[in-house]
Amino acid sequence: MKSKINIRLVGIAILAIIATVIGITIIYYGLFQKRIRVDLSVSAKLLKDTNYFESASVDIQKIDLTTDIDELRVTWIDADGTVLYDNDATTELLSNHLDRPEIKAAFEEGIGESVRKSDTMNKNTFYYAILLDNGTVLRVATDAQSLWSVFVSVAPIIALIILLIIAICVIISHMLTIQLLKPIEMMAENLDDADYESPYKELDPFSEKLRTQHMDILSAAKARQDFTANVSHELKTPLTAISGYAELLEGDMVANEKKKHFYHEIHKNSERLLALINDILRLSELEQKNHEPVFEEIDLYQMVEECVDELSVNAKQRGVGISFEGTSKVVRGNKEMLKELIENLTQNAIRYNNEGGKVSVSVNERDGRACLVVKDNGIGIPASEQQRIFERFYRVDKSRSKETGGTGLGLAIVKHIVELHDARIELDSAPGVGTTISVYF
Ligand code: ADP
């Protein structure tokens, strides 16, 4: 970026110098030409005013208008175009001058002007001709540098100035880029500091976005780390139990009547491991952003009916009554996921209930939306915990959850499914009164 700014700045400087030099040379040359013309016309008029060339006694051989440096050429032309006198070349060598534009113009209009390329390279000759009262024409001429040669003559100086300016530009742009980029670098260094104000107001939205993204990345990394630690911990407990029981059995250190209990524990813990692994796999599946679930028209009521039917044995074992009610409501969703959602919520309502408690699942329409409500009169959730129960592995009563086969991931899965269906979940719960969870599709 720094070298880019350097190159651009130097480029702009060079362009500016070239444009200025061209502009100034053209303006200067215009003025220079005008000056030459005025000078020539003054000389011609002065010579005319002397009336020297009109006097009858003028002896051509005796005229001598040569100057030391030959800067002014004077030519006297007769009415028929023959050159009567020229202070530069001998008259015999000069051809008839009637065809010269300035002479022609002088004969016709009294004065004539023209500029022609000189024999010598890089020079222009300026002519000014004036008609004298006796019908002859007097012409004065001078050589001057052409525009190109003026340009060429200043070129070394221009090149020197360009080099000098490039050097200055490099230094300035170097300082400028440091000054410009320093605050941005500082901003990047202080990305973690929420109080750090970006030095450029224009960068506020950018820095804000960067900071949010940075925070998101950090918190995602932290969540991943926490999750890994939690998973390891959760898997370790049943595995340690299985390993311990198996070791005792292997060493024949268990009395026969106790063996059955040990086998049962091994079985229970393996089931727990399986349930945990299933839920972890399910969560990671749901989190895969590129995975698009298949959506179809599903009758929620019919699905509730099936789930309640499947879970009624479980409810009966725990002495909890279960019922369902409502009307047929068709929603667009993924069959497997919706089944999982209903099962998880209903399972929880059974699990965290008291003996003789009740669970009711209903499907209705509320505010023009299909609504699934799972209601229980169980142990309820304290207000302080209600925000956290959708977090992975968060349980209000850990031992109860484990004892009843909970993994601590059910509501995290539910939350994902709700999000994937653009639905909204509401929780209403009070300890000792019960819990109502509503999902609006
Ligand atoms: P778990 O597998 O432990 O049930 P969940 O993610 O499904 O995990 O639920 C998280 C926690 O929320 C549970 O451990 C429990 O403490 C609480 N919870 C969930 N549903 C209910 C309910 N209907 N009544 C009381 N507490 C509940």
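Which residue forms a salt bridge with Arg332, and how far apart are the closest N and O atoms? Select Arg332 and Glu297: these two residues form the salt bridge, and their closest N and O atoms are 3.4 Å apart. Arg332 belongs to strand S8 (residues 330-333) and Glu297 to strand S6 (residues 296-299), so the pair ties together parts that are 35 residues apart in sequence. Color both by accessibility. Arg332 is partly exposed, at 48% relative accessible area, while Glu297 is exposed, at 55%. The cut-off matters here: Glu297 counts as exposed because its value is over 50%.

Keep in mind during the tour that this is a predicted model.

**Other salt bridges**

Next, select Lys339 and Glu310. Their side chains meet in a salt bridge, with 3.3 Å from N to O. This pair links distant parts of the chain, with Lys339 in helix H7 and Glu310 in helix H6 (residues 300-317), 29 residues apart. Lys339 is partly exposed, with a relative accessible area of 23%, and Glu310 is also partly exposed, at 44%. For a group rather than a pair, select Glu102, Arg116 and Arg139, which are joined into one network by salt bridges that share partners.

Now go to Arg392 and Glu287. They form a salt bridge in which the closest N and O atoms are 1.9 Å apart. Arg392 is in the loop between H8 and H9, Glu287 is in helix H5 (residues 256-287), and the two are 105 residues apart, so the pair links distant parts of the chain. Arg392 counts as partly exposed at 27% relative accessibility, and Glu287 counts as partly exposed at 33%. The count for the structure comes to 20 salt bridges.

**The ligand**

Select the ligand and show the residues around it. How many residues surround the ligand? There are 20, and the closest are Asn348, Tyr352, Ser401, Thr407 and Leu411. Label Tyr352 and look at its side chain: an N or O atom there is 2.7 Å from an oxygen atom of the ligand. Then show the backbone of Thr407, where an N or O atom lies 2.8 Å from a ligand oxygen. Gly408 also has a backbone N or O atom 2.8 Å from an oxygen atom of the ligand. On its own the ligand has 530 Å² of accessible area, and the protein covers 98% of this.

**Three loop residues**

Select Gly405, in the loop between H9 and H10. Gly405 counts as partly exposed, at 38% relative accessibility. Draw a distance from its C-alpha atom to that of Leu276: the two atoms are separated by 9.4 Å, while the residues are 129 places apart along the chain.

Move to Phe393, in the loop between helix H8 (383-386) and helix H9 (398-403). Its phi is near 65 degrees, a positive value in a residue other than glycine. Is Phe393 buried or exposed? Phe393 is buried, with a relative accessible area of 7%.

Then select Asp422, in the loop between helix H10 (410-420) and strand S11 (424-430). Asp422 is not a glycine, but it has a positive phi of about 55 degrees. Asp422 is exposed, with a relative accessible area of 67%.

**Two buried residues**

Select Glu340 in helix H7 (residues 335-351). Glu340 is buried, with a relative accessible area of 15%. Leaving out residues up to four places away in sequence, Glu340 touches Arg282, Ile413 and Ile417.

Now find Phe126 in strand S4 (residues 123-131). Phe126 counts as buried, at 1% relative accessibility. Show the residues it touches, again leaving out those up to four places away in sequence: among them are Tyr29, Gln33, Ile36, Val115, Val140 and Ala144. To see how far Phe126 is from an earlier stop, draw a distance to Lys339. The C-alpha atoms of Phe126 and Lys339 are separated by 102 Å, and the residues are 213 apart along the chain.

**A nonpolar patch**

For the last stop, show the surface and select Ile18, Ile22, Ile26 and Leu147. These residues form a nonpolar patch on the surface, with about 330 Å² of accessible area together. Which helix gives the largest share of the patch? Helix H1 (residues 2-49) does, with three residues. Ile26 is in helix H1, and it is exposed, with a relative accessible area of 52%.

Notes: Residues numbered from 1 in each chain as written. Predicted model: local features only at pLDDT ≥ 70, side-chain atom pairs only at ≥ 80, totals over all residues. Heavy atoms only, no water. Patch = residues over 30% accessible without salt bridge, like charges linked within 9 Å, V, L, I, M, F, W, Y side chains within 5 Å. Areas by Shrake-Rupley, 256 points an atom, 1.4 Å probe, with all protein chains shown as cover. Salt bridge = Lys/Arg side-chain N within 4 Å of Asp/Glu carboxyl O. Helix = DSSP H or I, 4+ residues; strand = E, 2+ residues; numbered from the N terminus. Buried < 20%, exposed > 50% of the residue type's maximum accessible area, 1.4 Å probe, protein only. Near = heavy atom within 4 Å. Polar contact = N/O pair within 3.5 Å; in protein donor to acceptor, adjacent residues only side chain to side chain. Contact = heavy atoms within 4.5 Å.
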